[in-house]
Amino acid sequence: MKNQKQQRLSQTTNHFDLLSEEIVFTILDFFGENPIDKKSFSLTCKSFYVIESKHRKNLRPLRQEPLSGILTRYPNIIHLDLSLCPRVTDSSLTTISNLCESTLRSIDLSRSGAFSGSGLLRLAVNCRNLVEIDVSNATNLKDAGAAALAEAKNLEKLWMGRCKLVTDMGVGCIAVGCKNLKLISLKWCLGVGDFGVGLIAVKCKEIRSLDLSYLPITDKCLPSILKLQHLEDLVLDGCFGIDDDSLAALKHGCKSLKALDMSNCQNISHLGLSSLTSGTGGLQQLTLAYGSPVTLALADGLKKLFMLQSIKLDGCVVTCAGLKAIGNLCVSLKELSLSKCLGVTDEGLSSVVTKHRELRKLDITCCRKITDVSIAHITNSCTTLTSLRMESCTLVPREAFVLIGQRCPFLEELDLTDNEIDDEGLKSISRCPNLAVLKLGICLNITDEGLTHVGMGCPKLVELDLYRSVEITDPGISAIASGCPDLEMVNIAYCKDITDSSLMSLSKCSRLNTFESRGCPLITSLGLAAIAVGCRQLAKLDIKKCHNVDDVGMLPLAHFSQNLRQINLSYSSVTDVGLLSLASISCLQSLTILHVKGLTPRGLAAALLACGGLTKVKLQASFKYLLPQPLFEYIEARGCVLQWRDKVFQAELDPKCWKLQLEDMVP
């Protein structure tokens, strides 16, 4: 009798109730980023619901309307990301400031419009623990809004990119009020000049990171900037008002500087660079993309930078002598980027990689003059490479790609888009067990055989791009899906022989969140349904020109793909019924529907009204005159941008003809 009573007692006891909150919090910390996991946990029982509410520290809602209820449920929010909300009004900011008064430390408003200085003022005054605010892209924010931000006295990080109406006066208020700033980004704040930047440098002594990209500044503010004792990261991208003459007047550089970006500074040559970097012996990262030619003189100016680890020269004209001089630097580079550089040859590149054997990342995208000679030197010297990007290196023969897998086994990222690699090359690359990102777009010589080797040898693969690799069919995709269960992104666009069988194989990859299959005419609603059921984390879907996908495929998406945020239905067979069914997906924000013949004006209007979370919709221009103007005004007032396209129907080209046309366009 006693044993029976004990058994009944044990059956009714929730053993988790015996654990302290701290222990359950520790368990929750091990949960992944998938929101479904924590949601499932919270719905298990009342005690789990309460514990999960207390544990949640970060929040990223899709709309502002439910903010009051959400913040009441989650009282301990530290970081609030509102970048997915198309509109955040002053009323919402007031609600946040009242409910998160003592806990909130970080808020992201980077893509949210409709708020003003009034709302920011309440937020800054009430939430005294705020240390990070992002108001990037607040194009209507003026100096009054900047003055409101200045009331956040403990602010340490502030992003104001593209706040084009803010002037020196607004930035001056921030400089005076936020003296603890360690990071500020004023990128594209076109109303801010030397005076405002100078005030930041004088008043905010703790600045570590300063982004002044595309500001109309001159040499007047530079002395104050370079006197900042803790400055580590300085971005002067596109500062056309700075030239060699202004930099020549500088007597001392910034000793604490570790990263310097001077991209698109066409008026600065090796002379100005030498002046700016004098005394910055601790510089580790230097970016000179789309700037002056990389000559012997420029490279010689880098010899004093003994700590330099990364050089990015994307889009520059490069001389062989300049590359050789970089190769002769006494430092050991870890990263070198020559993407889209004109003048890169086998002689120059081989000289660099032979000397810098510790390279981890190398980008030679569109270096169209290099051949197998460069690949041989890269793979022989830089055997510890983790990232190699070499898109459109079209003179490299297929035999050279075998060397990559044989000699660089630590690769984690490999971009071979638009190259001559074949199955033997893929077989060799399959020897890289840590490979996570593999891009094989427009590789017309690879087949299922090579892809099968990748599936067997690269189990950590997360991203696979097969765009227009037209010889790939179902067996290759099946091998990838079977051997790489952690796939998150797959692009099989214009692989014309892919069928539903491939989608059924990929449906077993439960982490898949991005799937592009545009231009695959054999895919039907049956395969799409399999993806919807098996891949619940799906967030981006492109089925443009999948003519056999209709309403039957939309219904499973509407039911199972509740994380879907972006979808392209152009040229599909979806009708009003299928489009309207997508309204049940609360996360849906971006919709592209061009040349969808089954869509009527009435059906489109109903779908636009029902999908309340949309932020961007691309539509055929013909609908603009078939629907009432007040409808568009109402949709736009909710924060949705309507983009009209007057695009004629396009028949698909044969992929090989398409590549020949592309090559004719390349100089």
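Helix α10 runs over residues 194-203, and its buried residues are D194, G196, V197, G198, I200 and A201. Keep in mind that this is a predicted model. What covers those buried residues of α10 includes the helices α9 (168-177) and α11 (222-226), plus the strands β6 (183-185) and β7 (209-211). From here, let's go through another helix, the nonpolar cores, a buried charge, the salt bridges, the cysteines and one strand residue.

**Another helix and its cover**

- Helix α20 spans residues 448-457, and its buried residues are D448, G450, L451, V454, G455 and G457.
- A helix has a regular twist: with 3.6 residues a turn, residues three or four places apart point the same way.
- Which elements help to cover the buried residues of α20? Among them are the helices α19 (423-429) and α21 (474-483), along with the strand β16 (437-439).

**The nonpolar cores**

- Here's the general background: in soluble globular proteins, nonpolar side chains tend to be buried together.
- How many residues does the largest nonpolar core have? The count is 188, and the residues with the most contacts inside this core are I96, I107 and I492.
- Helix α26 (residues 601-610) gives this core its largest share, which is 4 residues.
- Take a look at I492: leaving out residues up to four places away in sequence, I492 touches L466, I477, I498, L503, F515, E516, S517, C520 and I523.
- There is also a second, separate core of 5 residues, including L28, F41, F48 and I51.

**A buried charge without a partner**

- D423 sits in helix α19.
- D423 is buried but has no salt bridge.
- Where is the nearest side chain of opposite charge? That would be R398, and R398 is 8.8 Å away from D423. A salt bridge needs the two atoms within 4 Å, so this pair doesn't qualify.
- D423 does have a polar contact, though: its side chain is joined to that of T447 at 2.4 Å.
- Apart from neighbours within four places in sequence, D423 is in contact with N445, I446, T447, E449 and G450.

**Salt bridges**

- The salt bridge count comes to 14.
- One of them joins K157 and E132, with N and O 3.9 Å apart. This pair links distant parts of the chain: K157 is in strand β5 (residues 157-159) and E132 is in strand β4 (residues 132-134), 25 residues apart.
- Are K157 and E132 buried or partly exposed? K157 is partly exposed at 32% relative accessible area, and E132 is partly exposed at 25%.
- Another salt bridge pairs E347 with K324, and their closest N and O atoms are 2.5 Å apart. Here too, distant parts of the chain are linked: E347 belongs to helix α16 (residues 346-355) and K324 to helix α15 (residues 320-327), with their positions 23 residues apart.
- E347 is partly exposed, with a relative accessible area of 48%, and K324 is partly exposed at 31%.
- K496 and D497 also meet in a salt bridge, at 3.4 Å from N to O. K496 counts as partly exposed at 35% relative accessibility, and D497 does as well at 34%.
- E52, R56 and R73 are linked in a network of salt bridges.

**Cysteines**

- A quick reminder: a disulfide is a covalent bond between the sulfur atoms of two cysteines.
- How many disulfides does the structure hold? The number is 0.
- C320 is in no disulfide, and its nearest cysteine sulfur, in C367, is 13 Å away. C320 is partly exposed, with a relative accessible area of 24%.
- Why does C535 have no bond to C509? The sulfur of C509 is the closest cysteine sulfur to that of C535, but at 6.6 Å it is too far for a bond. C535 is buried, at 0% relative accessibility.

**A buried residue in a strand**

- Q620 lies in strand β23 (residues 616-620).
- Is Q620 buried or exposed? Q620 counts as buried, because its relative accessibility is 9% and the cut-off for buried is under 20%.
- Leaving aside neighbours within four places in sequence, Q620 is in contact with I593, L594, H595, W644, R645, D646 and K647.

Key. Residues numbered from 1 in each chain as written. Predicted model: local features only at pLDDT ≥ 70, side-chain atom pairs only at ≥ 80, totals over all residues. Heavy atoms only, no water. Core = buried A, V, L, I, M, F, W, Y, C linked by side-chain atoms within 4.5 Å. Buried < 20%, exposed > 50% of the residue type's maximum accessible area, 1.4 Å probe, protein only. Helix = DSSP H or I, 4+ residues; strand = E, 2+ residues; numbered from the N terminus. Contact = heavy atoms within 4.5 Å. Lys, Arg positive; Asp, Glu negative; His and termini not counted. Polar contact = N/O pair within 3.5 Å; in protein donor to acceptor, adjacent residues only side chain to side chain. Disulfide = S-S within 2.5 Å.
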